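Trainee: Got a minute to go through this fold with me? I'd like to start with the strands and then move on to a helix.

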Amino acid sequence: MRKIEHIGIAVKNLETSNLLFEKLFGAPSYKQEEVASEGVRTSFFRNGPNKIELLEATNPDSPIAKFIEKKGEGIHHIAFDVEDIHAEMKRLQAEGFVLLNEVPKKGADNKLVAFLHPKTTNGVLIELCQEIE
């Protein structure tokens, strides 16, 4: 893992949260997109070298909707940038971590992504991200 790629925050209302984070950072979201396969709309903000991803559920069965129902709004995951997602998934699985998906999938912001089960990471959902070239 090379660096923290972004921190994902689950929100009930993307428009309202966008306004809040625009005020917080003094700049608008630089990218918004929907990831239909995950049932989520996202909005990205930069703060120096750091990125924040806001996530709003687009359907009641999505992982974000279930997270908010169980825990409320807040930090959903920490994403780490990796050079080779396949190799990193193999390495982490060999170290005893449980993967939530067997192969990487297309995520937001032009990334291949994979997740580690929070039961094996002290309750924190970890996302691995590799830029799609």
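Mentor: Sure, and let's begin with one pair: Glu 33 stands opposite Thr 42 in β3. Keep in mind that this is a predicted model, where local features need pLDDT of at least 70, side-chain atom pairs count only at pLDDT 80 or more, and totals for chains, interfaces and linings use all residues. Residues are numbered from 1 along each chain as its sequence is written, and side-chain values use heavy atoms, with hydrogens and water left out.

Trainee: How many bridges join β2 to β3?

Mentor: Strands here are DSSP runs of E, at least two residues, and helices are runs of H or I, at least four residues, numbered from the N terminus. Two strands pair if DSSP finds at least two bridges between them. β2 and β3 (residues 40-47) run antiparallel, and the bridges joining them number 5.

Trainee: What is the order of the strands in the open sheet?

Mentor: The sheet has 8 strands and its pairing is mixed. Take β1 (residues 3-11): this strand runs antiparallel to β5 (residues 74-81), with 7 bridges, but pairs with β4 (residues 50-57) in the parallel sense over 5 bridges. The full order is β2-β3-β4-β1-β5-β8-β7-β6.

Trainee: Which are the edge strands?

Mentor: Look for strands that pair on one side only. Those are β2 (31-35) and β6 (105-107).

Trainee: Which residue in β5 is the bridge partner of His 6?

Mentor: β1 has a partner strand in β4 too, where Ala 10 is bridged to Leu 55. Over in β5, the bridge partner of His 6 is Ala 79.

Trainee: Now the helix. Why are the buried residues of α3 on the same side?

Mentor: Buried means under 20% relative accessible area, exposed over 50%, and partly exposed in between (1.4 Å probe, protein chains only). In α3 (residues 85-94), the buried ones are Ile 85, Glu 88, Met 89 and Leu 92. They sit on the same side of α3 because, going by directions from the helix axis to the C-beta atoms, they cover an arc of only 100°.

Trainee: Which strands do the buried residues of α3 pack against?

Mentor: Lys 90 and Ala 94 are exposed on the other side of α3, so to speak of packing, go back to the buried set. With contact meaning heavy atoms within 4.5 Å, the strands they pack against are β7 (111-116) and β8 (125-131).
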